[in-house]
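Visitor: I'd like a close look at one part of this structure, please. Could you take me through the place where the two chains meet, and then on into what lies around it?

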Amino acid sequence: MDFAVALLEKANAPIARWGRNASAALLALMVALALSQILSRALFSQTLDWAEELARMALVWSVFLVAPFAYRAGAYVSISAFAEALPRGLLLAVAIVVNLLIVWICGAFVVESAGLVRRGLTIVASSMPFQMAFVYAIVPVSLAALMLVGTEHVLRLVLAWRSPGERDLVLAGLVPVVQHDEAAGHESAAPDRG
Amino acid sequence: MSPRRRTGADVSAAFFWLFVLLLALGAPVVFALLIGPGLSLLIDGQERYFPALLARFYNGVDSFPLLAVPFFILAGELMNSGGITHAIVRFSQSLVGHVRGGLAQVNVMSSMLFAGISGSAVADASAIGKMLIPSMVRNGYRRDFAAAVTAAAAVIGPIIPPSGIMILYGFVMNVSVGALFAGGVVPGLLIGLGLMGMVRLLAVRYDLPVASRRATWRERGVALRGASLALLMPVILLGGMLSGLFTATEASAVAVAYALIVARFVLKTVDGREIARILQATALQSGVILMLVGAAVTLGWLVTVSGMARDIANAMVAVTDNPYLLLFLVNMLLFLVGMFLDAGPAILILGPVLAPIFTELGVHPVHFALIMCVNLTVGLATPPMGLVLFVASSVSGERLERIVRAILPFLLVEVIVIFLITYFPALTLTLPRWLGLI
């Protein structure tokens with residue numbers, strides 16, 4: 001199981017980081033597109049429909065691209081007050097069930113998003129000459145990455161069950177695998193998993 | 001609201017109870033919003049609705065107005081990194097630093113001014129707290145008091161425009177964001193002035209020191225010039241929106257451009273590396289919020305098709321059809337929810353359920369929106385799950401329970417303002433009406 005966790009970490013960490021960086025780059029693109037629209041209207045009295053549509057697509061991609069990093073960093077808001085009051089064993093069991101359910105819902109949506117992408121093959125973007133399938137494709141990709149992160153969390157929790165201690169809880173996904181500080185640019189803050 | 005109840009769409013209300021259970025078990029809100037409906041549909045044998053669920057989730061994110069969320073966060077981060085906070089605090093100090101409890105007054109006033117830039121209580125608490133709490137402690141303030149003032153004042157951030165949560169509310173409930181922004185000005189000022197009044201009362205009781213000698217008008221002018229770049233931002237944004245030069249979403253892009261020019265080229269306080277860090281942090285923050293928007297849209301859809309919204313409306317009206325009493329009850333409910341849930345998710349979940357009920361009873365949509373936004377924002381400073389309290393605790397190094405005790409008088413002021421805006425709609429509606437936004 002240790003090997004599986006190490007393997008998942010090797011895959012998830014760079015995927016999550018790459019997704020976050022790509023999301024940041026898309027954010028810069030969105031700003032440029034929104035500003036170009038204002039300038040075009042003010043200077044040339046012309047509305048850039050493609051800029052608005054492209055900015056929307058970039059927004060969707062940006063949100064889905066950063067999702068694996070956010071899940072791995074524990075950045076999604078949760079109410080921990082009740083769960084934290086549980087005894088350690090029960091807390092681990094609950095966390096395993098919750099993460100398994102996350103893997104399940106992401107899997108269910110991966111299957112459904114195949115249909116979404118298929119439908120996208122028949123829809124062309126309203127102001128640009130490409131199929132919407134290219135935009136929709138980010139949904140299954142992101143959800144599949146979320147499944148991998150969820151699986152890593154579950155395996156870490158199972159490992160934590162076998163080896164008691166506060167530090168194991170940190171490594172098990174109850175506390176983020178990637179420290180929040182990393183989001184603020186301090187890349188070395190991830191906890192030691194030795 | 002019985003889980004067994006079925007509607008024409010054959011969808012039970014089990015999704016809601018599953019959602020609540022998952023929340024209590026510590027599941028991230030975004031996933032609880034998706035798993036609850038997903039499991040419920042599975043239990044009901046209604047998997048055929050899965051594609052609709054996914055489509056709502058996607059469409060919830062795919063919206064041009066939502067660009068304002070990352071843009072306003074980005075503008076606030078750029079301004080904050082650009083050393084703008086220092087200029088705002090210096091300006092506030094020149095105005096009110098000489099009175100008893102001056103640094104606490106500076107803290108509140110800085111929050112009011114900073115609110116015109118950031119639109120986020122957490123950013124406000126972090127930026128102002130890091131600067132002022134250590135100075136307050138050095139000047140003889142109790143650490144818990146300094147942290148409590150910071151936390152209480154920070155909630156003004158999302159009330160005075162621009163405001164992240166008002167953009168979310170406007171998007172989900174189809175209410176004019178411009179009107180919400182204008183409606184937030186008076187409640188924000190009332191909270192700020194109320195907090196300053198409370199500081200004045202406590203200053204006598206705790207014998208708080210004055211921060212500095214009274215500044216001359218010349219010194220105030222110099223401080224104003226230093227802060228003018230920051231103070232100009234809300235003027236440009238509101239002016240642009242009101243003159244029709246740009247929409248609320250485009251205003252957020254203008255805010256980013258303005259903040260970037262000020263921080264990079266005028267103040268020269270951020271470099272390329274810092275900008276990249278800010279972009280990464282903003283992408284993460286906004287990604288988290290917008291994923292939540294998408295998930296909340298799916299829950300909102302199920303609330304409608306399951307007939308739950310109608311059931312809740314009927315149950316509420318069965319208690320009383322007096323809108324004033326109902327508004328009192330809903331304020332209690334929102335305050336309770338705000339104690340456990342962040343303002344954004346709470347608005348996304350409860351807005352679609354509650355707002356139609358009160359609109360039907362004759363409460364103006366902008367008025368109700370402001371009640372919700374202000375109430376849930378105050379919830380950010382209430383235990384046990386007050387995000388702003390956590391930030392104040394982390395920044396000050398003070399224990400949470402001590403801050404909670406010290407913040408009570410300030411919370412009283414904020415609760416009074418909530419009831420004032422609830423029962424005097426003119427406080428929230430007059431400015432939007434004057435500006436022709438409603």
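How many residues does the contact take from chain A, and how many from chain B?

Guide: Happy to. Keep in mind that this is a predicted model. The contact takes 54 residues from chain A and 52 residues from chain B. People often describe how big an interface is by the accessible area that is lost when the parts come together. Here, chain A and chain B bury about 5000 Å² between them, and 82% of that is on carbon and sulfur atoms. On the chain A side, the residues that lose the most area to chain B are Tyr76(A), Ile79(A) and Phe109(A), which together make up 14% of what that side buries.

Let's look at the polar side of the meeting. Across the interface the rule finds 4 residue pairs in polar contact, both partners being at pLDDT 80 or more. Which elements of chain A give two or more residues to the side touching chain B? They are α1 (2-44), α2 (49-72), α3 (88-120), α4 (133-136) and α5 (138-162) of chain A. The largest share comes from α1(A), with 13 residues. Sort that side of chain A by class and you get 41 nonpolar, 8 polar and 5 charged residues.

Now for the charged pairs. The rule finds 2 salt bridges across the interface of chain A and chain B. In one of them, the side chains of Arg56(A) and Asp62(B) meet, with N to O at 2.8 Å. Another salt bridge joins Arg41(A) to Glu250(B), where the closest N and O atoms are 2.7 Å apart. This pair crosses between chains, running from helix α1 of chain A to helix α12 (residues 248-266) of chain B. Are its two ends buried or exposed, or something in between? Arg41(A) has 30% relative accessibility, so it counts as partly exposed. Glu250(B) has just 3%, so it counts as buried.

Over all chains, the salt bridge count comes to 12, so let's follow a few inside chain A, where Glu152(A) is a good place to stop. Arg72(A) forms a salt bridge with Glu152(A), the closest N and O atoms being 3.0 Å apart. Arg72(A) sits in helix α2 of chain A and Glu152(A) in helix α5 of chain A, so the pair ties together parts that are 80 residues apart in sequence. Arg72(A) has a relative accessible area of 3%, so it is buried, and Glu152(A), at 1%, is buried too.

Glu152(A) also has a salt bridge with Arg156(A), again with 3.0 Å between the closest N and O atoms. Those two residues both lie in helix α5 of chain A, 4 residues apart, about one turn of the helix. Here's a handy bit of background: an α-helix has 3.6 residues a turn, so residues three or four places apart point the same way. Arg156(A) counts as buried because its relative accessibility is 7%, under the 20% cut-off. Put it together and Glu9(A), Arg72(A), Glu152(A) and Arg156(A) are linked in a network of salt bridges.

Next, hop over to chain B. Helix α1 of chain B (residues 14-24) has these buried residues: Ala14(B), Phe15(B), Leu18(B), Phe19(B), Leu22(B) and Leu23(B). What do they pack against? Their neighbours are α3 of chain A along with α2 (29-43), α13 (272-305), α14 (308-319) and α16 (343-360) of chain B. After α1(B) comes Gly26(B), whose phi is positive, near 90°.

One of those neighbours, α13(B), comes up again in the largest nonpolar core. That core has 218 residues, and Tyr169(B), Phe368(B) and Phe410(B) touch the most other members. The largest share of the core, 16 residues, is from α13(B). Take Phe368(B) as an example: leaving out residues up to four places away in sequence, it touches Tyr169(B), Leu327(B), Val330(B), Leu354(B), Ala355(B), Phe358(B) and Val363(B). There's also a second, separate core of 6 residues, including Leu92(A), Ile96(A), Val154(A) and Leu157(A).

Last stop: Ala123(B), in helix α7 (residues 121-138) of chain B. With 26% relative accessibility, Ala123(B) counts as partly exposed. Ala123(B) touches Phe114(B) and Ser118(B), not counting residues up to four places away in sequence. Ala123(B) and Val391(B) are 268 residues apart in sequence, yet 9.1 Å apart in space, C-alpha to C-alpha.

Key. Residues are numbered from 1 along each chain as its sequence is written. Chains are lettered from A and ligands numbered from 1 in the order in which they are written. This is a predicted model: local features need pLDDT of at least 70, side-chain atom pairs count only at pLDDT 80 or more; totals for chains, interfaces and linings use all residues. Side-chain values use heavy atoms; hydrogens and water are left out. Contact means heavy atoms within 4.5 Å. Buried area is the accessible area (1.4 Å probe) that two parts lose on being put together, summed over both. A salt bridge is a side-chain nitrogen of Lys or Arg within 4 Å of a carboxyl oxygen of Asp or Glu. A polar contact is a pair of N or O atoms within 3.5 Å; within protein, one must be able to donate a hydrogen and the other to accept it, and residues adjacent in sequence count only if both atoms are side-chain atoms. Ala, Val, Leu, Ile, Met, Phe, Trp, Tyr, Cys and Pro count as nonpolar, Asp, Glu, Lys and Arg as charged, and the others, Gly among them, as polar. Buried means under 20% relative accessible area, exposed over 50%, partly exposed in between (1.4 Å probe, protein chains only). A nonpolar core is a set of buried Ala, Val, Leu, Ile, Met, Phe, Trp, Tyr and Cys residues joined through side-chain atoms within 4.5 Å.
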